[in-house]
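Colleague: I am new to this one. Please take a close look at the protein surface beside one DNA strand, and walk me through what is there.

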Number of protein chains: 2
Amino acid sequence: MVWKFSDGRPVYVQIMEHIQTAVLTGIFPPGSKIPSVRELAADAKVNPNTMQHALQELEQSMLLITQGTLGRFVTQDSAVIDAARNKLLHNLTQECIKKYAALGISPEQAANLLLECGKREA
Amino acid sequence: MVWKFSDGRPVYVQIMEHIQTAVLTGIFPPGSKIPSVRELAADAKVNPNTMQHALQELEQSMLLITQGTLGRFVTQDSAVIDAARNKLLHNLTQECIKKYAALGISPEQAANLLLECGKREA
DNA sequence: GATACTGTATTATCAAACTAATACACTGGA
DNA sequence: TCCAGTGTATTAGTTTGATAATACAGTATC
């Protein structure tokens with residue numbers, strides 16, 4: 001797993017995003033056990049407490065479940081994963097629309113910008 | 001001017017965005033004098049230093065110019081404003097594409113999401 | 001039972017960022 | 001000259017984040 005943090009935003013928040021993305025894209029499959037706090041912390045070159053902080057926050061979204069001392073597991077309920085994914089997508093889309101609107105750009109125009117930029121980079 | 005701040009991000013950064021948007025959308029027209037630090041600070045219910053911090057950071061983009069003790073003015077150079085606007089749009093678009101890509105969404109799919117969400121809200 | 005591995009909790013410390021209070025320097029105009 | 005209004009500088013206080021060291025409780029395995 002590639003850990004890359006930019007300053008400006010708390011590391012633990014960026015860790016949350018990394019792991020959430022890993023779950024939503026199947027890097028951590030449903031029902032699978034994820035590495036231990038200490039293992040992940042060592043991998044990310046981060047203090048175990050920081051990693052723990054991120055994981056505990058993430059559990060509020062129900063994507064991760066702690067099984068006592070057995071470790072942490074990704075939820076087996078694919079509906080939960082889909083719901084989280086849809087919610088994230090919806091939030092992201094609304095956020096984009098809002099930011100574009102602040103600059104006087106309509107959703108239609110924004111969509112065109114995405115298409116053009118996507119082509120150019122491709 | 002409507003000042004609305006959310007926590008989690010520094011107030012001065014949010015002020016920067018507010019004012020930059022005001023310049024790029026013509027609320028503060030090119031060449032016009034903007035309110036004084038203390039005036040803006042009182043309006044935003046913020047410490048004058050916080051406002052000053054935001055304004056000084058913003059000057060690095062050349063959108064604002066300090067005229068000694070006469071006050072601050074929006075640049076008269078519309079090319080600078082256009083360039084800043086285009087840069088902001090480009091950054092925003094790339095940021096969106098990146099975030100969607102992290103969820104396995106192509107720019108084309110993202111564009112569709114924007115269109116659908118735009119319609120639904122309209 | 002002993003060991004090693006889980007997650008968790010507590011406390012302390014350090015650094016950085018943000019906000020705030022105050023004082024300073026300059027200019028325009030009455 | 002004096003006053004009011006600019007932007008600016010300095011300093012301090014508060015908060016937040018990250019790290020660190022330790023300790024605790026439970027489980028699987030040998």
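Modeller: The residues of the surface near DNA strand C divide into five nonpolar, twelve polar and four charged. Here Ala, Val, Leu, Ile, Met, Phe, Trp, Tyr, Cys and Pro count as nonpolar, Asp, Glu, Lys and Arg as charged, and the others, Gly among them, as polar. This is a predicted model, in which local features need pLDDT of at least 70, side-chain atom pairs count only at pLDDT 80 or more, and totals for chains, interfaces and linings use all residues. Residues are numbered from 1 along each chain as its sequence is written, chains are lettered from A and ligands numbered from 1 in the order in which they are written, and side-chain values use heavy atoms, with hydrogens and water left out.

In total, 21 residues surround strand C. A residue is near a strand if one of its heavy atoms lies within 4 Å of it. The closest are Arg72(A), Pro10(B), Val11(B), Asn47(B) and Asn49(B). Sugar and phosphate make up 67% of the strand C atoms that come within 4 Å of the protein.

Now the polar contacts, pairs of N or O atoms within 3.5 Å; within protein, one must be able to donate a hydrogen and the other to accept it, and residues adjacent in sequence count only if both atoms are side-chain atoms. Ser36(A) has a side-chain N or O atom 3.3 Å from a phosphate oxygen of strand C. Val37(A) uses a backbone N or O atom, 3.1 Å from a phosphate oxygen of that strand. In chain B, a polar backbone atom of Val11(B) is 3.1 Å from a phosphate oxygen of strand C.

Which elements give two or more residues to this surface? Chain A offers α2 (37–44), α3 (48–59) and β3 (71–74). Chain B offers α1 (11–24) and α3 (48–59). Helices (H or I, at least four residues) and strands (E, at least two) are DSSP runs, numbered from the N terminus.

Next, the two protein chains. Chain B can be laid on chain A with an RMSD of 0.2 Å, by a turn of 180° and a shift of 0.1 Å along the axis. The copies are thus related as by a two-fold rotation axis. They are superposed by least squares on the C-alpha atoms of residues with pLDDT of at least 70 in both. Within chain B, Ala111(B) comes closest to the axis, at 2.2 Å (C-alpha).
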